[in-house]
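Hi,

Here is the structure I promised to pass on to you. Please open it next to this email, and have a look around before you read on.

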Amino acid sequence: MIRRVPSLLAALLASLMLAACVRAPVESMPLVDRDEAALRLTADINVLASDEKAGRQPGTAGARASFANIEKRMGEVGLVSGTNDPGSYWRLPVDLVSTEPQSAQLILGQGRRRVVVPDSDAAVYTPRRRALAIGGPGTGVPVVFVGYGDGSVLGDALAGAVAVMLADPGRDGARRDALFRQRTTAVLTVVPDAEALARVRAQEERPRLQLASEEQDTLAAYITDNAFANVIGARRWQGLKAEAGTDALAPLELNLSVSLEATSDRREFTSQNIIGMIPGSQPGSGAVLVLAHWDHLGECGPPDALDRICNGAADNASGIAMMLELARRLKAGPALGRDTYFLATTAEEPGLLGIRSFVKSPPLPLESIVAAFNLDMMAVAPAGSPVGFIGRGIDPQLDAAVLAAVTRSKREIGDQGLADSFLQRQDGWALVQAGVPAVLLSSTYGSRSILDPFIAARYHQPDDEADGIELGGAIDDLLLHEALIRQIGDPAKYPAPAKTGP
Ligand SMILES: [Zn+2]
């Protein structure tokens with residue numbers, strides 16, 4: 001599950017919550033079977049959340065050992081390849097780029113005067129190892145003032161230019177991107193003050209992981225209003241800003257020399273989504289997809305902590321363990337009509353990157369997936385807890401099937417507002433955006449009295465360790481998924497959605 005900016009109010013409310021009433025375990029299978037399931041889940045969680053796996057950060061040895069283990073376990077539970085590629089049995093490669101800013105220099109000048117703008121007033125960023133742009137009189141690269149950079153100033157005239165843009169908080173990110181799409185050489189954004197520059201730094205100066213296919217080649221500089229006025233002249237700058245506020249602004253070439261340089265620590269590497277499947281008995285009748293992310297944060301404790309490894313036992317060794325146990329159980333029972341795919345995704349934590357890669361080049365047609373079930377942070381709640389239903393309201397047929405299965409299992413749907421708040425923070429969201437009905441059903445998101453103590457004490461911290469997991473709710477959720485997938489995997493019980501269009 002990916003991070004969100006924490007809310008003080010939510011933390012305050014959490015501390016005021018009373019403990020939930022926890023009911024007896026769901027009586028849908030004999031007790032001994034629950035114990036056996038718990039043993040198998042624990043064994044897989046112990047392996048993936050061990051210190052040896054070092055927090056499963058993509059691009060590390062611990063990550064490679066983790067997905068190698070998942071491949072081995074997929075084979076052991078009887079899955080076959082889901083890649084649809086004879087050259088790659090379990091692996092769907094995901095090309096990633098990690099970047100972290102290193103150094104920067106901004107030099108501005110007018111006439112013979114040159115000013116090296118100090119770090120306190122300027123910042124420059126590029127995803128390249130090194131990027132340099134020189135513009136202004138005599139360079140062939142015009143330096144062009146574009147006001148707030150909104151639509152009216154865009155055009156071919158900006159190709160190759162260095163654009164100087166006024167910050168407009170909340171909107172300038174998209175406008176900068178639009179300027180880069182116009183093939184500007186660089187964009188220099190003038191921010192109001194040192195505080196605004198500090199916010200830019202906080203945002204930009206973190207290591208960043210992206211899909212190689214989504215990376216933009218950019219050179220972006222920032223300067224405080226004061227520092228820019230000092231170079232260009234206060235009165236001239238006031239006049240330009242006044243023009244920027246009118247509708248009639250046309251791109252205006254400035255008599256200004258600019259030299260921008262930035263370097264970045266850059267690494268390209270390939271991580272892996274891992275996919276297996278159980279072939280259905282009725283080929284061509286569609287597929288059910290079960291997914292869980294295998295990655296976590298690596299080391300994330302404070303630099304001086306004794307234990308810095310974020311083991312990610314609940315997040316999301318538990319989801320992988322449940323996916324493997326689900327696969328084992330489905331394989332052991334009568335064959336389903338539809339194919340069932342089991343996808344372990346990489347790079348969920350840095351922004352759903354693995355699943356977005358899957359959506360861009362899926363090994364099966366996305367339209368053939370009748371339902372997807374994401375498993376994320378599954379081992380938090382005790383048995384008998386309500387079901388958090390993330391993704392409710394997206395597909396009426398799937399909603400109805402889920403609600404009926406929850407009722408049959410003698411459980412209840414939990415706090416819907418709480419579940420809804422997680423919709424965009426999990427892998428299923430990328431599927432929903434691609435038109436695939438995807439839900440996340442978990443006792444973890446059923447009530448704040450269960451979720452909030454986990455978020456406060458263990459979520460994305462070194463204490464999310466194997467010895468802290470709670471499997472009661474996980475086993476309830478495992479049985480719910482098994483029942484649902486047995487129904488949805490049967491074309492007679494769950495017809496494929498009608499195809500629209502010609
Ligand atoms: Zn997470």
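Below is what I found in it, going from the whole chain to single elements.

Please keep in mind that this is a predicted model. The average pLDDT of the protein is 92, and 92% of the residues score at least 70. The stretch to treat with care is residues 6–22, where the pLDDT is below 50. Beyond near neighbours in sequence, that stretch makes 15 contacts in the model. Where pLDDT is low, the predicted coordinates should not be read in detail.

**Overall picture**

The protein has 502 residues, of which 46% count as buried. Its C-alpha trace spans about 85 × 55 × 40 Å along the principal axes. You will find 14 helices and 17 strands in it. Taking the contacts between residues at least 6 apart in sequence, 83% join residues at least 24 apart.

**Two domains and where they touch**

The domain assignment splits the protein into domain 1, made of 30–97 + 268–488, and domain 2, which covers 112–254. Their centres, taken over C-alpha atoms, are 42 Å apart. Contact between them involves 10 residues of domain 1 and 6 residues of domain 2. On the domain 1 side, the elements that give two or more residues are β2 (91–110) and α9 (353–360). Helix α9 provides the largest share of that side, with 4 residues. Sorted by class, the domain 1 side holds 5 nonpolar, 1 polar and 4 charged residues.

Both of these elements are worth a closer look. In α9, 6 of the 8 residues are buried, so this helix is largely enclosed by the rest of the structure. The buried residues are L353, G354, I355, R356, S357 and F358. Their cover includes β2, along with β9 (208–211), β12 (257–278), β13 (287–293), β14 (339–345) and α12 (428–433).

As for β2, it pairs with strand β3 (residues 113–116) in the antiparallel sense, over 4 bridges. One of the facing pairs is Q110 with its bridge partner R113 in β3. The two strands form a hairpin with 2 residues between them, and G111 in the turn has a positive phi of about 60°.

**The six-stranded sheet**

Next, follow the open sheet of 6 strands, in the order β4-β10-β8-β7-β6-β11 and with mixed pairing. Its edge strands are β4 and β11 (252–253), each of which pairs on one side only.

Strand β10 (residues 220–224) is a good place to start. Which way do its side chains point? A220, Y222 and T224 point one way, A221 and I223 point the other way, and all are buried. The strand is mostly covered, with 5 of its 5 residues buried.

The pairing of β10 shows the mixed character of the sheet:

- With strand β4 (residues 122–125), β10 pairs in the antiparallel sense over 4 bridges. Y125 stands opposite A220, and A123 stands opposite Y222.
- With strand β8 (residues 186–191), β10 pairs in the parallel sense over 5 bridges. Here V190 has I223 as its bridge partner in β10.

**A helix to check by hand**

Helix α8 (residues 313–332) lends itself to a quick geometry check. At 1.5 Å a residue, its 20 residues should span 28 Å, and its end C-alpha atoms are 26 Å apart, which agrees. Is this helix enclosed or exposed? Since 16 of its 20 residues are buried, α8 is largely enclosed by the rest of the structure.

**One residue to finish with**

D177 sits in helix α4 (residues 172–181). It counts as partly exposed because it has 15 C-beta neighbours inside 10 Å, where 20 or more would make a residue buried and 12 or fewer would make it exposed. If you want a distance to try in your viewer, take the C-alpha atoms of D177 and G489: these residues are 312 apart along the chain, and the atoms are separated by 43 Å.

That is my tour of the model. Write back whenever you like once you have had a look.

Best wishes

Note on methods
Residues are numbered from 1 along each chain as its sequence is written. This is a predicted model: local features need pLDDT of at least 70, side-chain atom pairs count only at pLDDT 80 or more; totals for chains, interfaces and linings use all residues. Domain bounds come from an automatic or database domain assignment. Two residues are in contact if their C-beta atoms, placed from the backbone, lie within 7 Å. Ala, Val, Leu, Ile, Met, Phe, Trp, Tyr, Cys and Pro count as nonpolar, Asp, Glu, Lys and Arg as charged, and the others, Gly among them, as polar. Two strands pair if DSSP finds at least two bridges between them. pLDDT is the predictor's confidence in each residue, from 0 to 100. The expected span of a helix is 1.5 Å times one less than its number of residues.
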